[in-house]
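Biologist: I'd like to go through a structure with you and keep asking how you know what you say. Can you show me the model first?

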2 protein chains.
Amino acid sequence: MVTTSGGSVFYGSPYRADCPTRRILDRIGDRWTVLIVGALWDGDVRFSELRRRVEGISQKMLTQTLRALERDGLLVRRTVHPEVPVRVEYALTEAGRTLREPLRALEEWSIVHLTDVSASQDAYDRADRRDG
Amino acid sequence: MVTTSGGSVFYGSPYRADCPTRRILDRIGDRWTVLIVGALWDGDVRFSELRRRVEGISQKMLTQTLRALERDGLLVRRTVHPEVPVRVEYALTEAGRTLREPLRALEEWSIVHLTDVSASQDAYDRADRRDG
DNA sequence: CGGAATCCCACTAGATACTG
DNA sequence: CAGTATCTAGTGGGATTCCG
């Protein structure tokens, strides 16, 4: 499993842009996706409630990101209740729920290392000012 | 550990943009970072060799991404050998190496699920054409 | 060889206004 | 309530040129 096209970044060369890691990052690396996935964790959530939970998101980006997740099959059951006024609920699919573990691994790394990263950045920027 | 500012997406509300997961994705979610990290996995690599390993990267983006990694402290030992012509080698730090596990978790999820994601996208797009 | 500087384009995402 | 449509500023990243 070493050199097939589109191969892994870590299991073998080459380091192609269509490697699995890059492809998943293309889906979840944007500004809002993981926040929405997090906000959907505890079950069905209405559009307006989602908008409240995900601080700072615009209506456009919420709609757009939800549509992309629906298309991916990561979020399903966009349920439209034909009441008046209309009620729409969103919930994660099983596939979406399996994303939790890898995301949590990433999150734990962040919690452990992000302080060091910030410190390193500060040191780097200070050195920058000294050297020129 | 529920409602502290900048809190986790999964360990508690709110779902703020400065949550750890979002912050790490801001660092590694771009087009080239994980490819470069992968290309640096087996030790010291020269600039020109990196450029060959990471297919399609421009000189500007390679330099820019390496500088960002260096600043983060994820990649260190940018070693300049003052020969003629000059030789510069890059290698991951220990912190950078610890990124492997979370990235591999993400990669494995991708390998398992990306086929389903593509199938779901196709189905979604076909339904789109039917429904108008 | 290993960059830095500049120009330029495509795309992301926010703001705003309107609708079933 | 839950969207859609349009406009626009900001940014990521490629191509090109020049430098120690």
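Modeller: What follows is a round of questions and answers about this model, which is predicted.

Biologist: Let's start with the overall build: how many helices and strands are there in chain A?

Modeller: Chain A has six helices and three strands. Going along the sequence, they come in the pattern α-α-β-α-α-β-β-α-α. Of the 132 residues in chain A, 44% are buried.

Biologist: And what makes Thr33(A) count as buried?

Modeller: Buried means under 20% relative accessible area. Thr33(A) has 4% relative accessibility, so it counts as buried. This residue sits in helix H2 of chain A, residues 33-39. Leaving aside residues up to four places away in sequence, Thr33(A) touches Arg27(A), Ile28(A), Thr65(A) and Leu69(A).

Biologist: Then why is Ala127(A) called partly exposed?

Modeller: The partly exposed class lies between under 20% for buried and over 50% for exposed. Ala127(A) has 22% relative accessibility, so partly exposed is the right label. You'll find Ala127(A) in helix H6 of chain A, residues 100-131. Its C-alpha atom is separated by 24 Å from that of Val112(A), and the two residues are 15 apart along the chain.

Biologist: What about Arg71(B): which class does its relative accessible area of 25% put it in?

Modeller: With 25%, Arg71(B) is partly exposed too, because that class runs between 20% and 50%. Arg71(B) lies in helix H4 of chain B. Look across to the other chain: Arg71(B) touches Val117(A), Ser120(A), Gln121(A), Tyr124(A) and Asp125(A).

Biologist: Which residues have the most contacts inside the largest nonpolar core?

Modeller: That core has 64 residues, and those with the most contacts inside it are Ile36(A), Leu40(A), Ile36(B) and Leu40(B). Take Ile36(B): not counting residues up to four places away in sequence, it touches Val54(B), Ile57(B), Leu62(B), Thr65(B), Leu66(B) and Leu69(B). As background, nonpolar side chains in soluble globular proteins tend to be buried together.

Biologist: Now the sheets. Why are S1 and S2 of chain B said to stand at the edges?

Modeller: Chain B has an open sheet of three strands in the order S1-S3-S2, with antiparallel pairing. Strand S1 (45-46) and strand S2 (75-81) of chain B each have a single partner strand, so one side of each is left without a neighbour in the sheet. Helix H4 of chain B, residues 59-72, packs on this sheet, touching S2 and S3 of chain B, and its direction makes about 120° with that of S2(B).

Biologist: How do you know that S1(B) and S3(B) pair?

Modeller: Pairing takes at least two bridges. Two bridges join S1(B) to S3(B), residues 87-92, so the pair qualifies. Within S3(B), Glu89(B) is the bridge partner of Arg46(B).

Biologist: And what joins S2 to S3 in chain A?

Modeller: Five bridges join S2(A), residues 75-81, to S3(A), residues 87-92, and the two run antiparallel. Here His81(A) stands opposite Arg87(A). These two strands form a hairpin with five residues between them. The loop between S2 and S3 of chain A holds Pro85(A).

Biologist: Which peptide bond is cis there?

Modeller: The one joining Val84(A) and Pro85(A), with omega about 0°. Chain B has a cis bond between Val84(B) and Pro85(B), with omega also about 0°. In general, most peptide bonds are trans.

Biologist: One last thing: how do you know that Arg97(A) lies over the face of Trp41(A)?

Modeller: The arginine CZ has to be within 6 Å of the ring centre and within 35 degrees of the ring normal. Arg97(A) lies over the face of Trp41(A) at 4.6 Å from the ring centre, so the distance is inside the 6 Å limit. In chain B, Arg97(B) lies over the face of Trp41(B), at 4.6 Å from the ring centre.

Biologist: How many aromatic pairs does a search of the whole structure find?

Modeller: Zero, over all chains. To count as a pair, two ring centres would have to lie within 6.5 Å.

Definitions and conventions:
Residues are numbered from 1 along each chain as its sequence is written. Chains are lettered from A and ligands numbered from 1 in the order in which they are written. This is a predicted model: local features need pLDDT of at least 70, side-chain atom pairs count only at pLDDT 80 or more; totals for chains, interfaces and linings use all residues. Side-chain values use heavy atoms; hydrogens and water are left out. A nonpolar core is a set of buried Ala, Val, Leu, Ile, Met, Phe, Trp, Tyr and Cys residues joined through side-chain atoms within 4.5 Å. Buried means under 20% relative accessible area, exposed over 50%, partly exposed in between (1.4 Å probe, protein chains only). Contact means heavy atoms within 4.5 Å. Rings of Phe, Tyr and Trp (its six-membered ring) pair if their centres lie within 6.5 Å; planes under 30 degrees apart count as stacked, over 60 as edge-to-face and the rest as tilted. Helices (H or I, at least four residues) and strands (E, at least two) are DSSP runs, numbered from the N terminus. Axes are lines fitted to C-alpha atoms, for helices over the stretch in contact, and angles run from 0 to 180 degrees between N-to-C directions.
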